[in-house]
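Good morning, colleagues. Thank you for making time for this short presentation; please look at the display before I begin.

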Amino acid sequence: MVDLLLVIQQIFNGILFGGQLALVAVGLTLIWGVTRILNFAHGAMFMMGGYAGFLTFELTGNALLALPGAVLVVFVLGMVTEFGVVRRLRDRDNAEFAAIIGTFGLAVVLENIIRGSPLGSTRRTLPTIVPGVWEVGPFFFVAEQVYLFIVALAALGVLFAVIKYTRLGMAMRAVAQDQNTAKLMGVRSDRIYAITFGISAALAGLAGALLAPIFNIYPSVGWQPFLLAFIVVIIGGLGSVRGTLIAALLIGVLRSVSLTFTSSQQTSMLLFLAMIVILIVKPTGIGGVIDG
């Protein structure tokens, strides 16, 4: 017999995880929405954020400084990726495919650079910032998970505010809608592309530092959150930030509840099956519904 309280507990856990997953997924869909590029190095940015946070903690001894350290380092890395890799491929006839290959290659390069460095393949982590477990009635919440969820929502809130209320956000929306018209209006599209890559990478880097206690930090750690984020952006709708946020919460709940009753392999199969169904039934995803 299914324990209803256990299912509800897992729904709460899934919402908390979904909020954290949204950091990675929103960054991935943001790049597509503005540049029409699918960044296969996004998981590597997650990994680099984890290492940047870890090294910041090692240097300062302050776990809180690990977060801005990860954001700053990976923001710069994202801009360098756009300038050094993606921009060189954008004008090709098969630019979208070339960018996938190029960013995938970059991910492999970054992963092997870390393996060959003194950091090696040893699994590392960051200390828990908010220890303890909170009991609310019959339910239990890990304090660290709640903290991560709040930080993730705060970061996404700042992103939404930037996109909606600032000149930078207006320029990003203009380039996303029509690059040529945006250029005629004086928008420097190359600059917007680089900044978008930087912001997207910074979100993934922040997630890498935040989720270090869960995923740990090692060279190939980025592939699992990247695959989860890929599923989320397909279900949420490529380019739809709001749809991706909703999909992240739904996938977080589905994953958490499924893991209660099945193995991790079967859960992964279920998530990919949900993605395939969405592609067949509604290719534009949740974003195609809520964005009209």
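I shall go through the helices, then the hairpin, and finally some individual residues. Please keep in mind throughout that this is a predicted model.

Let me begin with helix 3, which covers residues 66-89. This helix has 24 residues, and the distance from its first C-alpha to its last is 33 Å, close to the 34 Å expected at 1.5 Å a residue. Helix 3 nevertheless contains a kink of about 35 degrees, and the kink is centred on Glu82. Glu82 is also among the buried residues of this helix. Others in that group include Ala66, Leu67, Gly69, Ala70, Val74 and Leu77. What do the buried residues of helix 3 pack against? They pack against helix 2, helix 4, helix 5 and helix 8.

Helix 4, residues 95-116, is one of those partners, and I turn to it next. At 1.5 Å a residue, its 22 residues should span 32 Å. The end C-alpha atoms of helix 4 are 31 Å apart, which agrees with that expectation. The buried residues of helix 4 are Ala95, Ala98, Ala99, Thr103, Leu106, Ala107, Leu110, Glu111 and Ile114. The cover over these residues includes helix 2, helix 3 and helix 10, the last of which runs over 223-236.

We now come to helix packing. Two packed helices are described by the angle between their axes and the distance between the axes. Helix 5 and helix 8 provide one example: their axes are 11 Å apart and they pack at an angle of about 170 degrees. Because angles over 145 degrees count as roughly antiparallel, helix 5 is roughly antiparallel to helix 8. On the helix 5 side, the residues that meet helix 8 are Leu148, Val151, Ala155 and Leu159. Their counterparts in helix 8 are Ile199, Leu203, Leu206 and Leu210.

Helix 8 also packs with helix 6, residues 167-177, at an angle of about 110 degrees, with the axes 10 Å apart. These two helices are therefore roughly perpendicular to each other. Helix 6 contributes Leu168, Ala171, Met172 and Val175 to the contact. From helix 8 come Ser189, Ile192, Tyr193, Ile195, Thr196 and Ile199. Ile199 deserves a second mention, as it is also one of the helix 8 residues that meet helix 5.

Let us move to the strands. Strand 1, residues 133-136, pairs with strand 2 in the antiparallel sense over four bridges. Which residue of strand 2 is the bridge partner of Val133? That partner is Val142. The two strands form a hairpin with two residues between them, and Gly137 in the turn has a positive phi of about 60 degrees. Strand 2, residues 139-142, has two faces: Phe139 and Phe141 lie on the covered one, while Phe140 and Val142 lie on the uncovered one.

I shall close with individual residues. Tyr51 is found in helix 2, residues 42-60. Is Tyr51 buried or exposed? Tyr51 has a relative accessible area of 2%, and since buried means under 20%, Tyr51 is buried. Beyond its neighbours within four places in sequence, Tyr51 is in contact with Ile114, Leu119, Gly120, Thr122, Arg124, Ile217, Tyr218 and Pro219. Ile114 has already appeared among the buried residues of helix 4.

Two further residues have a positive phi without being glycine. Arg36, in the loop between helix 1 and helix 2, has a phi near 60 degrees. Asn216, in the loop between helix 9 and helix 10, has a phi near 65 degrees. Arg36 counts as partly exposed at 38% relative accessibility, and Asn216 counts as partly exposed at 26%.

Finally, Lys282 is placed in the loop between helix 12 and helix 13. At 34% relative accessibility, Lys282 counts as partly exposed. Leaving aside its neighbours within four places in sequence, Lys282 is in contact with Val277, Gly288 and Val289. Lys282 and Val142, the latter from the hairpin, are 140 residues apart in sequence and 36 Å apart in space, C-alpha to C-alpha. Gly288 likewise lies 36 Å from Tyr51 by the C-alpha atoms, with 237 residues separating the pair in sequence.

Definitions and conventions
Residues numbered from 1 in each chain as written. Predicted model: local features only at pLDDT ≥ 70, side-chain atom pairs only at ≥ 80, totals over all residues. Heavy atoms only, no water. Buried < 20%, exposed > 50% of the residue type's maximum accessible area, 1.4 Å probe, protein only. Pairing = 2+ DSSP bridges. Contact = heavy atoms within 4.5 Å. Expected span 1.5 Å × (residues − 1). Bend = angle between axes of the 7 residues up to and from the residue. Axes fitted to C-alpha atoms, helices over the stretch in contact; angles between N-to-C directions. Parallel < 35°, antiparallel > 145°, perpendicular 65-115°, else oblique.
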